[in-house]
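Biologist: Please give me a close look at one part of this model, the second largest pocket. Which residues are the closest to its centre?

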Amino acid sequence: ALTQVLARYAGYVRSYEIDTRFKGVYEEFLNQENIEIVFEDFLKVNLEDLMTLKDKYEKVILVANLPYYITTQIIEKVLTESKVIDEIVVMVQKEVALKYTSDYKSPLMYMIEDMGKIEYMFTVSQNVFIPAPHVDSAILKITVEREFNLNLYKVLNTAFKQRRKTIYNNLKQEYANALDVLNECQIDGIIFQDFGVLQICNEKGYSFEKIYDPETLNTNHLTLSVLKEQGIDGAFLAREIPLKEKQMIGQNCKLKTMVQVHGVEYMAYSKRKLLSNYKEYTHLDFNVDKEAQIEIKANGVEDHCHIYEDQYGTHITSTNQMCALDVLNQFNDFDYLYIDGQYINETDLLEITHLYIQAIEAIKNQTYNKESIELMQLLYRLTPNVHYYHSFLFDSTVYKISDVRKREENERS
């Protein structure tokens with residue numbers, strides 16, 4: 001009956017039935033051009049076969065009345081295996097629906113939250129069925145807005161398995177496995193924030209370099225010298241401090257130091273899906289990923305910022321790109337120079353890296369003062385639409401006074 005009703009409104013209905021005893025009945029009563037009956041266990045079906053539907057129809061929706069014992073399996077299969085299903089509308093036991101839309105957490109619930117949203121639509125009374133079951137049912141709707149994240153799925157399953165262990169211990173093992181692979185690849189080093197990563201590296205005795213990058217905290221050599229005793233090999237110096245202070249750290253620090261010399265700079269980060277929330281509030285429809293090239297501008301500030309959203313949350317970076325190519329001879333106190341490749345295509349990134357290598361060679365050969373001008377001209381020709389600046393390298397304060405005054409004037413008005 002459900003298949004017949006759906007066929008009235010849909011351009012095409014594919015129905016899965018595990019019980020072949022109903023084959024004759026279906027062929028007699030569901031003999032319509034836009035209905036296809038597949039006699040197969042849905043849990044064993046290859047959902048990649050649905051890819052062809054995406055080109056023909058505006059939406060692909062899964063509709064089902066799910067038995068309690070396979071509800072989770074069905075939903076998980078669709079989310080992890082299908083790239084074409086836009087919505088899942090299912091009837092389940094009411095207690096299951098209430099559980100799924102409460103604060104209950106499981107790998108499946110976190111996956112749904114990451115990929116889209118789940119809604120409790122309405123209750124279906126047991127009295128509308130013949131014979132009547134012992135419990136009420138409910139309709140759940142899952143809207144899929146983003147593709148399945150395999151890495152998140154692995155981490156969640158690791159975190160929630162072996163219930164007697166803590167989530168930290170499970171995640172620690174997942175990190176350890178990844179670090180084992182990196183060590184086998186004989187990498188030179190890693191940049192990390194989580195001290196749990198450092199603990200694993202120390203326990204395993206890995207020899208690759210461990211560069212600590214807590215974003216804004218590496219601002220003095222005394223703190224970094226203490227960190228060296230904990231097994232850290234290097235530190236990514238905070239972008240917000242001026243070059244002179246960075247040089248002092250580089251000259252006095254017992255650790256190796258890394259500084260950014262090129263590319264966009266991180267301004268802010270939130271675990272919340274801010275752009276998706278904004279879309280929902282305003283009812284606007286737009287892409288939120290990095291390729292969408294969305295920009296925002298704070299009141300009273302001239303510069304714009306990039307903003308994008310991924311499975312980890314919302315990221316805000318500068319639109320202007322830091323460039324130290326013309327002052328690179330002042331970076332001799334540092335061990336590593338970092339180029340941020342975001343918003344730079346692969347070809348340009350290789351060319352830009354080559355320009356910095358040429359600058360380093362020119363410094364060694366004492367020809368930098370002359371060659372740096374030529375290198376900057378090459379950079380401008382390569383990226384004519386990029387606005388370069390020195391960021392905080394020569395600022396005495398983190399916040400520009402002009403921006404602060406503009407913001408104050410705006411607040412007064």
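Modeller: Happy to: I'll start with the pocket and its lining, then add a short note on a sheet. This is a predicted model, in which local features need pLDDT of at least 70 and side-chain atom pairs count only at pLDDT 80 or more, while totals for chains, interfaces and linings use all residues. Residues are numbered from 1 along each chain as its sequence is written, and side-chain values use heavy atoms, leaving out hydrogens and water.

The second largest pocket has a volume of about 1,800 Å³. A pocket here is an open set of points on a 1 Å grid over the protein atoms alone, where a 1.4 Å probe fits, with protein on both sides within 12 Å along at least five of seven lines; the volume is the space filled by probe spheres set on the points, which are joined across faces, edges and corners. Lining residues have an atom within 4 Å of a point. There are 47 of them, and Leu2, Leu6, Arg14, Val63 and Ala64 are the closest to the centre.

Two or more lining residues come from each of helix H1 (2–9), strand E1 (13–17), helix H2 (23–29), strand E3 (61–65) and strand E4 (87–93). Helices (H or I, at least four residues) and strands (E, at least two) are DSSP runs, numbered from the N terminus. H1 gives the most to this lining, six residues.

As for the sheet, four strands form an open one in the order E11-E14-E13-E12, with antiparallel pairing; strands pair if DSSP finds at least two bridges between them. Strands E11 (266–270) and E12 (295–296) are its edges, each pairing on one side only. E11 pairs with E14 (residues 313–318) over four bridges, and Tyr269 has His315 in E14 as its bridge partner.
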